[in-house]
Amino acid sequence: MLRLKVTGMTCGHCAQAVTRAVEALPQVERALVDIKTGEVSIDGDPDEAAVRGAIEEEGYQVVGPAASA
Ligand SMILES: [Cu+2]
């Protein structure tokens with residue numbers, strides 16, 4: 001599992017955009033977004049750079065690994 005801290009997500013639309021973008025990537029089984037904490041949890045064996053790129057392409061910033069990771 002990969003967990004990233006993302007800033008800029010403020011509502012359900014943001015969460016859905018990120019979820020959809022990440023779940024479209026290969027080797028991703030499921031993506032879970034918590035907009036309160038800004039944490040994105042990804043199940044599967046994804047390429048981290050691809051995940052970061054997909055999230056940033058949606059307009060959000062990946063600031064690092066999630067604090068609880
Ligand atoms: Cu939003």
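H13 is exposed, with 10 other C-beta atoms within 10 Å, and this histidine is found in helix α1. Welcome to a quick tour of the fold around H13, based on a predicted model. The protein has 2 helices and 4 strands, which run β-α-β-β-α-β from the N terminus on. Below you will find the overall dimensions, then the sheet, the helices, the core and a few backbone details.

**Overall build**

- Along its principal axes, the C-alpha trace spans about 25 × 25 × 15 Å.
- The radius of gyration is 10 Å, which agrees with the value near 11 Å for a compact globule with 69 residues.
- Buried residues make up 25% of the 69 residues.
- Among contacts between residues at least 6 apart in sequence, 64% join residues at least 24 apart.

**The sheet**

- The 4 strands form an open sheet in the order β2-β3-β1-β4, with antiparallel pairing.
- β2 and β4 are the edge strands, each of them pairing on one side only.
- From one strand to the next, the twist averages 30°.
- α1 packs on this sheet, where it touches β1, β2 and β3, and the direction of α1 makes about 160° with that of β2.

**Strand pairs to look up in the viewer**

- β2 and β3 run antiparallel and are joined by 6 bridges.
- Two partnerships help you line these strands up: V28 has G44 in β3 as its bridge partner, and D34 has E39 in β3.
- β2 and β3 form a hairpin with 4 residues between them, and G38 in the turn has a positive phi of about 80°.
- β1 and β3 are also antiparallel, with 4 bridges between them; here L2 has I42 in β3 as its bridge partner.
- On the pairing of β1 with β4, 4 bridges join the two antiparallel strands, and K5 has G64 in β4 as its bridge partner.

**Two faces of β1**

- In a regular strand the side chains alternate between the two faces of the sheet.
- β1 has a covered face made of L2, L4 and V6, while R3, K5 and T7 belong to its uncovered face.

**Helix α2 and its buried face**

- Helix α2 covers residues 48-57, and its buried residues are V51, A54 and I55.
- Seen down the axis of α2, these buried residues fall within an arc of 95°, so they line one face of the helix.
- An α-helix has 3.6 residues a turn, so residues three or four places apart point the same way.
- A49 and E57 are exposed on the other side of α2.
- The buried residues of α2 pack against four elements: β1 (2-7), α1 (12-23), β3 (39-44) and β4 (61-65).

**The nonpolar core**

- The largest nonpolar core has 15 residues, and the members that touch the most others are V6, V18, V22, V40, I42, V51 and I55.
- β1, α1, β2 (28-34), β3 and α2 are the elements that give two or more residues to this core.
- V40 makes a good place to start exploring: leaving aside residues up to four places away in sequence, V40 touches R3, L4, V6, V18, V22, A31, V33 and I55.
- V6 turns up in several of these views, as part of the covered face of β1 and among the contacts of V40.
- I55 is likewise a buried residue of α2 and a contact of V40.
- H13 and V40 are 27 residues apart in sequence, and their C-alpha atoms are 14 Å apart in space.

**Backbone details worth a glance**

- Q27 is found in the loop between α1 and β2.
- Phi of Q27 is near 70°, a positive value in a residue other than glycine.
- Q27 counts as exposed because it has 12 C-beta neighbours inside 10 Å, and a residue is exposed if that number is 12 or fewer.
- G59, just after α2, takes a positive phi of about 105°.

Key. Residues numbered from 1 in each chain as written. Buried ≥ 20, exposed ≤ 12 C-beta atoms within 10 Å, placed from the backbone. Arc of directions from axis to C-beta. Contact = placed C-beta atoms within 7 Å. Core = buried A, V, L, I, M, F, W, Y, C linked by C-beta atoms within 7 Å. Pairing = 2+ DSSP bridges. Axes fitted to C-alpha atoms, helices over the stretch in contact; angles between N-to-C directions. Rg over C-alpha atoms; globule rule 2.2 N^0.38 Å.
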